[in-house]
Amino acid sequence: MSVASIIGQALVLFGTFFYVLSSLGLIRMPDVYNRMQTATKSATLGSLGVIVGTGIWAVGELGSYSWIPKTLIIAVFLLLTNPIAAHALIRAAYKSGVPLWEGTVVDKYKEAEGSLERVNEIEEKLEEASQEVETNE
Amino acid sequence: MGEASKISRYVHTVLVLFIIWLFLTSSLDPQEVIIGAILSLVIGALTYEVFTERGLGNLNPKRVLYFIAYIPYFLWAMVLANLDVAYRVLHPKRPIKPGIVECKTVLTNNTGKLALANSITLTPGTITLDVKGDRYFIHWIDVKDESVEGASEKITKPFEKFLKVIFE
């Protein structure tokens with residue numbers, strides 16, 4: 001057992017612990033938004049731990065250094081794309097009308113959307129009025 | 001910020017593609033390096049227009065240094081985020097108080113906004129729901145401050161001091 005093996009194994013264990021937390025969060029949380037919170041964060045850090053841990057483990061076990069750059073770049077790709085996927089999913093959930101949990105305290109997004117709709121309505125009315133004026137002239 | 005010259009943008013794209021190739025093959029065999037260089041030249045010619053607007057300006061030493069300093073800061077914030085999630089999931093009473101808050105940002109660059117949105121998603125208790133101009137709508141699992149200024153202070157400020165230098 002070399003030091004690299006031990007570090008790698010510890011990292012993989014650390015990653016799987018957060019995987020378990022992530023799936024436990026899916027069961028425990030009340031609505032889709034809070035589930036996204038736990039699932040995204042824990043799954044990303046868990047994957048980072050497992051992937052980089054595998055690279056370091058390979059140094060100790062196989063004596064091969066070519067795993068580390070590959071695992072690192074996979075980890076970076078995952079780190080860049082995972083939050084975007086989460087953002088797309090949570091935004092799609094909101095747009096398709098999934099309700100928030102009843103314990104939710106504030107919803108600024110609804111207010112902003114509401115004010116935007118009001119602005120659009122006023123603009124439409126203004127346009128109609130100006131067209132009427134034009135036709136009258 | 002204006003666009004850099006075409007050559008500078010092209011060279012930057014080729015450099016990034018070539019570095020990714022070196023990491024993916026993880027060998028310095030001349031045959032692999034040459035084919036990687038040819039491929040990155042070709043792909044760079046096809047895609048540099050969508051890849052970058054600033055070209056080699058991205059490799060300004062001050063930006064690179066701030067970026068390197070940002071990595072451990074960001075990873076530490078991520079570990080804290082996960083310990084926070086662990087606490088909320090394992091606690092028998094499930095201490096959550098969710099809500100959607102609004103934040104303002106000082107960033108104007110699109111890449112900077114993307115980096116800030118990603119950083120927000122991966123740090124304690126927050127996930128980006130939508131971005132409109134300079135307004136961020138953020139789902140916060142434990143709302144401490146409902147006002148726009150207060151939320152910006154707690155959520156976006158810590159990252160902006162780095163991202164302002166890196167991307168502006």
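Is B:Asp130 buried or exposed? I shall open with that residue, and I should say at once that what we are looking at is a predicted model. At 5% relative accessibility, B:Asp130 counts as buried. The cut-off for that word is a relative accessible area under 20%. I will return to this aspartate once the two chains have been introduced.

Let me begin with chain A. Its secondary structure consists of four helices and zero strands, in the order α-α-α-α from the N terminus. The radius of gyration of chain A is 25 Å, whereas the globule rule gives 14 Å for 137 residues, so the chain is more spread out than a compact globule. The C-alpha trace of chain A covers about 90 × 35 × 15 Å along its principal axes. Of its 137 residues, 36% are buried. Among the contacts in chain A with a separation of 6 or more, 65% are between residues 24 or more positions apart. Chain A has an accessible surface of about 8100 Å², and carbon and sulfur atoms account for 65% of that area.

Chain B has both kinds of element: six helices and three strands. Read from the N terminus, they follow the order α-α-α-β-α-β-β-α-α. Of the 168 residues in chain B, 43% are buried. In this chain, residues 24 or more positions apart make up 71% of the contacts with a separation of 6 or more. The exposed area of chain B is about 8800 Å², with 68% of it from carbon and sulfur atoms.

I turn now to the strands of chain B. How many residues of strand β1 of chain B are buried? Five of the six are, and the strand, which takes in residues 99-104, is mostly covered. Strand β1(B) runs antiparallel to strand β3 of chain B, residues 135-140, and six bridges join the two. One partnership to find on your screens is that of B:Cys103, whose bridge partner in β3(B) is B:Tyr136.

The next topic is charge. Side chains of opposite charge can pair when their charged atoms come close. Over all chains, the structure holds four salt bridges. One of them brings us back to the opening residue: the side chains of A:Arg91 and B:Asp130 meet at 3.1 Å, N to O. A:Arg91 belongs to helix α3 of chain A, residues 67-95, and B:Asp130 to strand β2 of chain B, residues 126-132, so this salt bridge joins two chains. The partners differ in their cover: B:Asp130 is buried at 5% relative accessibility, while A:Arg91 is partly exposed at 32%. A third residue takes part as well, since A:Arg91, B:Asp130 and B:Lys132 are linked in a network of salt bridges.

A second salt bridge lies within chain B, where the side chains of B:Asp84 and B:Arg88 meet at 3.2 Å, N to O. Both residues are in helix α3 of chain B, four residues apart, which is about one turn of the helix. Which residues surround B:Arg88, apart from its neighbours within four places in sequence? From chain A, B:Arg88 contacts A:Arg28 and A:Met29; from chain B, it contacts B:Arg94, B:Pro95, B:Ile96, B:Ile141 and B:Asp142. With a relative accessible area of 8%, B:Arg88 is buried.

There is also a salt bridge between the side chains of B:Lys104 and B:Glu102, at 3.9 Å, N to O. Here B:Lys104 is partly exposed, with 39% relative accessible area, and B:Glu102 is buried at 9%.

My last topic is the surface of chain B. A nonpolar patch of about 810 Å² is formed there by residues including B:Ile7, B:Leu15, B:Leu56, B:Val64, B:Phe67 and B:Leu75. Helices α1 (6-25) and α3 (61-90) of chain B each supply at least two of the patch residues. Which element gives the most to this patch? The answer is α3(B), with five residues. B:Val64, which is in helix α3 of chain B, is partly exposed, with a relative accessible area of 32%.

To close, I would leave you with two views of helix α3 of chain B. This helix gives five residues to the nonpolar patch, and it also holds both B:Asp84 and B:Arg88. As for B:Asp130, this buried residue meets A:Arg91 in a salt bridge.

Methods:
Residues numbered from 1 in each chain as written. Chains lettered and ligands numbered in written order. Predicted model: local features only at pLDDT ≥ 70, side-chain atom pairs only at ≥ 80, totals over all residues. Heavy atoms only, no water. Patch = residues over 30% accessible without salt bridge, like charges linked within 9 Å, V, L, I, M, F, W, Y side chains within 5 Å. Areas by Shrake-Rupley, 256 points an atom, 1.4 Å probe, with all protein chains shown as cover. Buried < 20%, exposed > 50% of the residue type's maximum accessible area, 1.4 Å probe, protein only. Rg over C-alpha atoms; globule rule 2.2 N^0.38 Å. Contact = heavy atoms within 4.5 Å. Pairing = 2+ DSSP bridges.
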